[in-house]
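Open the model in your viewer and keep the selection tool handy. We will go from one side chain to its surroundings, then out to the sheet and the surface.

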Amino acid sequence: MTMTITVNGDPHACAEGLTVAGLLREKSFSFPLRVILVNRQVVKREQVPTTVLRDGDVVEVIHLIGGG
């Protein structure tokens with residue numbers, strides 16, 4: 001069965017049971033420095049593999065850029 005979530009403002013159809021880690025793979029978000037929010041709640045790095053997304057969730061993936 002499929003569900004729809006919003007990723008960085010765009011609708012994204014995906015399979016039920018998708019984790020945040022699976023979403024990062026699907027969207028090819030491989031940058032190492034990032035902040036991930038699901039429904040405005042920060043997902044800690046250790047929770048990324050186990051956090052399951054639900055229909056209607058709003059996900060923001062923010063790429064951090066270091067500089068100096």
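## Start inside

Select Leu53 in this predicted model. Leaving aside residues up to four places away in sequence, Leu53 touches Met3, Ile5, Leu18, Thr19, Val20, Leu23, Val38 and Val59.

Which residues touch the most other members of the largest nonpolar core? Select Ile5, Ile36, Leu53 and Val59: among the 18 residues of that core, these four have the most fellow members in contact. Now colour strand S1 (2–7), helix H1 (20–26), S3 and S5, each of which supplies at least two residues of this core. H1 gives the most, with four residues. As a general backdrop, nonpolar side chains tend to be buried together in soluble globular proteins.

## Across the sheet

Next, show the strands as a cartoon. You will find an open sheet of five strands, with mixed pairing and the order S2-S1-S5-S3-S4. At the edges lie strand S2 (10–15) and strand S4 (41–42), each pairing on one side only.

Zoom in on strand S3 (residues 34–38) and strand S5 (residues 58–63): they run antiparallel and are joined by five bridges. Pick Val35, and look across to S5 for its bridge partner, Ile62.

## Out to the surface

Keep Ile62 selected and add Leu33 and Leu64: together these three make a nonpolar surface patch of about 250 Å². Leu33 sits in the loop between H1 and S3. Why does Leu33 count as partly exposed? Its relative accessibility is 45%, and partly exposed covers values between the buried cut-off, under 20%, and the exposed one, over 50%.

Terms used:
Residues are numbered from 1 along each chain as its sequence is written. This is a predicted model: local features need pLDDT of at least 70, side-chain atom pairs count only at pLDDT 80 or more; totals for chains, interfaces and linings use all residues. Side-chain values use heavy atoms; hydrogens and water are left out. Two strands pair if DSSP finds at least two bridges between them. A nonpolar core is a set of buried Ala, Val, Leu, Ile, Met, Phe, Trp, Tyr and Cys residues joined through side-chain atoms within 4.5 Å. Buried means under 20% relative accessible area, exposed over 50%, partly exposed in between (1.4 Å probe, protein chains only). Contact means heavy atoms within 4.5 Å. Patches are made of residues with over 30% relative accessible area and no salt bridge: like charges are joined within 9 Å, nonpolar side chains (Val, Leu, Ile, Met, Phe, Trp, Tyr) within 5 Å. Accessible areas come from the Shrake-Rupley method with a 1.4 Å probe; for residues, only the protein chains shown count as cover. A salt bridge is a side-chain nitrogen of Lys or Arg within 4 Å of a carboxyl oxygen of Asp or Glu.
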